[in-house]
Amino acid sequence: MASFSFGAGNARKLATVPLYAAGRIFTLLVPRSRDEWVFGCAVGIGDGALALWNVAAAHGRTAVWLVDSEREATDAAARGIRTVPKRSIRGLWRTARARVVVVTHGFGDVNRYVVSGSVVVQLWHGIPLKRIGLDSPETLRVPAAIASTPAARPVRALLRRMYRGAARRIRVLPAASHLVRGRLESAFGLRDTSVPVTGEPRVDVLSRGTAAERRAEARAAISRALPDSPADARFVLYAPTWRDGAPDPAVPTAAEWTRLIDVLTRHDAMLLVRSHPLGAGDYRPPTATDRVQPLGSDAVPDVTPLLPALDALVTDYSSLAFDASLVPLPTLFLAPDVEEYARRRGFYGTYADVAGDDWAADWTQAAAQLDALLSDTAVHAVRLDRAAALSARVHAFRDGRNAERVYRAILAATAETPASRRTAAVRRASRRGELDDARPREGTG
């Protein structure tokens, strides 16, 4: 079931042009603070924003997280994170006052109308395989009511100017590698000075500690999300990407469900289905089974930390394939609409660059590949080697310190030196009265 499309989203964007104009005037009147940071994330308290928050908090930053639901507020409170409702006057004010604004998806992660004048840090939410931003024709899709009229061309031109104008506000957009940097510069229309190669904070969790520790923590997280799952089951994650509002062509037929469940049963495995939150397909087997379980964003907002718990990933065009390569995790590719998707959305490079030349065209083929992967150690080893090779291509760092590098890049973007940082800390402490007993007394020192 499709729940969002670029056409509908762009229609809303055009309708709110007056609000953007009002917000710009507001930010011209309200001065930015010297050191306050605001965080937001479309998926909740997680992703790269959480990794960067932890580093910023360790350095004593004055920061607040803008939340969009009671669940987000509760999750933040459990981590000791200060929050403000995003859709509130306080959320508007905190965004308008913040020196640094951190987002993972778009300006709507905070208050989209008052980001002008801040140092915008766009962490993004994955290495792009499919074309994004200005590189994708979908981004500039005009509303359906206009598409067949003479107004389509000028409206598309207006949308392009709006996207470019929004992208110019971004001061820091971290890249996983030089290969990825080129894609991001093109997609957002940015110069390389705004796209430092630091690694993605969102995948630090896949490099910290030992492999055994990461797997144990991830298995425990799955057990919390799915308390009825067997402790020793093998987990296969299926994560199809968003089809830009079009129906999902990969939903199994009844016969394919039967074949897939047979493979899962024989290998004591569970298929965890994570449809994209913007357009979830109907992945319910026709017969009752405990071998297929949903693992949507409502259960686990951020799936990346769970990857070490898995025994295989099945996806089509999702950036999770790049994340999984860090584990490394054997990945199978299921792409029944690859030619149509390439025509409509497009890829960076070719699909075969990532998926190889043996991707499955339907679930019958995918089930056969999964059967071989779970039963043949040689097949498993080949898939692992593929993942490791992909990781070497797209990840420049594997040390779990990407968020620290991004933090330093933000300080550089704000022209903040260690000395000015200490001065700001002294100023804040003085305002709180914390230096009363530390000031030199007359006649001493």
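Tutor: Two residues are in contact here when they have heavy atoms within 4.5 Å of each other. The model is predicted, so local features need pLDDT of at least 70 and side-chain atom pairs 80 or more, while totals for chains, interfaces and linings use all residues. Residues are numbered from 1 along each chain as its sequence is written, and side-chain values use heavy atoms, without hydrogens and water.

Student: Which residues make the contact between H14 and H15?

Tutor: Gln 369, Ala 372, Leu 373 and Ser 375 in H14 meet Thr 377, Val 379, His 380 and Arg 383 in H15. Both are helices, meaning DSSP runs of H or I with at least four residues; strands are E runs of at least two, and numbering starts at the N terminus. By class, this contact has 3 nonpolar, 4 polar and 1 charged residues (nonpolar: Ala, Val, Leu, Ile, Met, Phe, Trp, Tyr, Cys and Pro; charged: Asp, Glu, Lys and Arg; polar: the others, Gly among them).

Student: Why are H14 and H15 called roughly perpendicular?

Tutor: The axes of H14 and H15 (residues 377–394) cross at roughly 105° and come within 5 Å. Roughly perpendicular covers 65 to 115 degrees, so the pair earns that name. The axes are lines fitted to C-alpha atoms over the stretch in contact, with angles from 0 to 180 degrees between N-to-C directions.

Student: And what makes H10 roughly parallel to H14?

Tutor: H10 (residues 254–266) and H14 (residues 363–375) pack at about 10°, with axes 9 Å apart. Roughly parallel means under 35 degrees, so H10 and H14 fit. Their contact divides into 7 nonpolar, 1 polar and 4 charged residues, including Leu 260 in H10 and Trp 363 in H14.

Student: How do you know that Asp 68 and Arg 87 form a salt bridge?

Tutor: The rule asks for a side-chain nitrogen of Lys or Arg within 4 Å of a carboxyl oxygen of Asp or Glu. The side chains of Asp 68 and Arg 87 meet at 2.9 Å, N to O, so the pair qualifies. Asp 68 lies in the loop between S2 (62–67) and H4, and Arg 87 in the loop between S3 (83–85) and H5 (89–97), 19 residues apart. The whole structure has 20 salt bridges.

Student: Which helix gives the most to the lining of the second largest pocket?

Tutor: H9 does, with 6 residues. This pocket holds about 840 Å³ of space. Its lining has 30 residues, with Ile 45, Leu 50, Arg 79, Asp 302 and Pro 305 closest to the centre. The lining divides into 16 nonpolar, 3 polar and 11 charged residues.

Definitions and conventions. Parallel < 35°, antiparallel > 145°, perpendicular 65-115°, else oblique. 1 Å grid on protein atoms, 1.4 Å probe; cavity = no way out; pocket = protein on both sides within 12 Å on 5 of 7 lines; lining within 4 Å. Points joined across faces, edges and corners; volume = space filled by probe spheres on them.
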